[in-house]
Amino acid sequence: ADEALTLISRLWSEEKVTFDGQYFQYNEASISPRPVNKNIPLWIGGSSKVAIRRTARVGTGWQAGAESPAEVAPVVEAIKAAAKEAGRKIDDDHYGTGFYFRFGGWDDGPLPFLVKNYQKRTGRDPKHTFAVGTGADICARIQEYADAGISKFVLRPTGSSDDELMDQTKRL
């Protein structure tokens, strides 16, 4: 992944790229059309030690996965420390997370199905990451993440139909 990220970044910004890595070898490679923006942000995910080092070394941001606010805080701090060691700084507003939200209760709409699948996929309790309840409850979950160092959010509405998803989104 490290080599691929380096290679992709160079292909986005350089006319011709010669690269001789352990896994990738290219001689005067190019892509076309290249992006107009030569500095496309690289947001890295994962909370392993490798992902933390990778984010610190080449990332412009970090996106949490299934981590709860309590789990996010030490990762954000570890990335900041590793970036400092690498002579870099990741902007404070470049730490993000995404989670499901629902105005209502845990037994409403598709939540029982989502909860079951989330637990099966992650082995985690969604009550530590999902935002369910009133507007105040949803804001409280957002604040927990903000207090842990998160400033970018992808909030995913839950619903059993397009109309229900739109209603949840409008309420947010």
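Q: What makes Thr55, whose place is in helix α2, count as buried or exposed?
A: In this predicted model, Thr55 has a relative accessibility of 0%, and buried means under 20% relative accessible area, so Thr55 counts as buried. Leaving aside neighbours within four places in sequence, Thr55 is in contact with Ile44, Gly61, Trp62, Ile79, Arg88 and Ile90.

Q: Why are α2 and α3 called oblique to each other?
A: Two packed helices are described by the angle between their axes and the distance between the axes. Helix α2, residues 49–58, packs against helix α3, residues 69–85, at an angle of about 50°, and their axes are 8 Å apart. Angles under 35 degrees count as roughly parallel and those of 65 to 115 as roughly perpendicular, while over 145 is roughly antiparallel and the rest are oblique; α2 and α3 are therefore oblique to each other.

Q: Which residues make the contact between α2 and α3, and how do they divide into nonpolar, polar and charged?
A: The crossing of the two helices α2 and α3 is right-handed. On the α2 side the contact is made by Ile52, Thr55 and Ala56, and on the α3 side by Val75, Ala78, Ile79, Ala82 and Ala83. These residues divide into 7 nonpolar and 1 polar, with no charged residue.

Q: Why is Ala70, which lies in helix α3, called buried or exposed?
A: The relative accessible area of Ala70 is 63%, and exposed means over 50%, so Ala70 is exposed. Ala70 and Ala148 are 78 residues apart in sequence, and in space they are 7.1 Å apart, C-alpha to C-alpha.

Methods:
Residues numbered from 1 in each chain as written. Predicted model: local features only at pLDDT ≥ 70, side-chain atom pairs only at ≥ 80, totals over all residues. Heavy atoms only, no water. Axes fitted to C-alpha atoms, helices over the stretch in contact; angles between N-to-C directions. Helix = DSSP H or I, 4+ residues; strand = E, 2+ residues; numbered from the N terminus. Left-handed = near helix turned anticlockwise from the far one by under 90°. Contact = heavy atoms within 4.5 Å. Nonpolar A, V, L, I, M, F, W, Y, C, P; charged D, E, K, R; others polar. Buried < 20%, exposed > 50% of the residue type's maximum accessible area, 1.4 Å probe, protein only.
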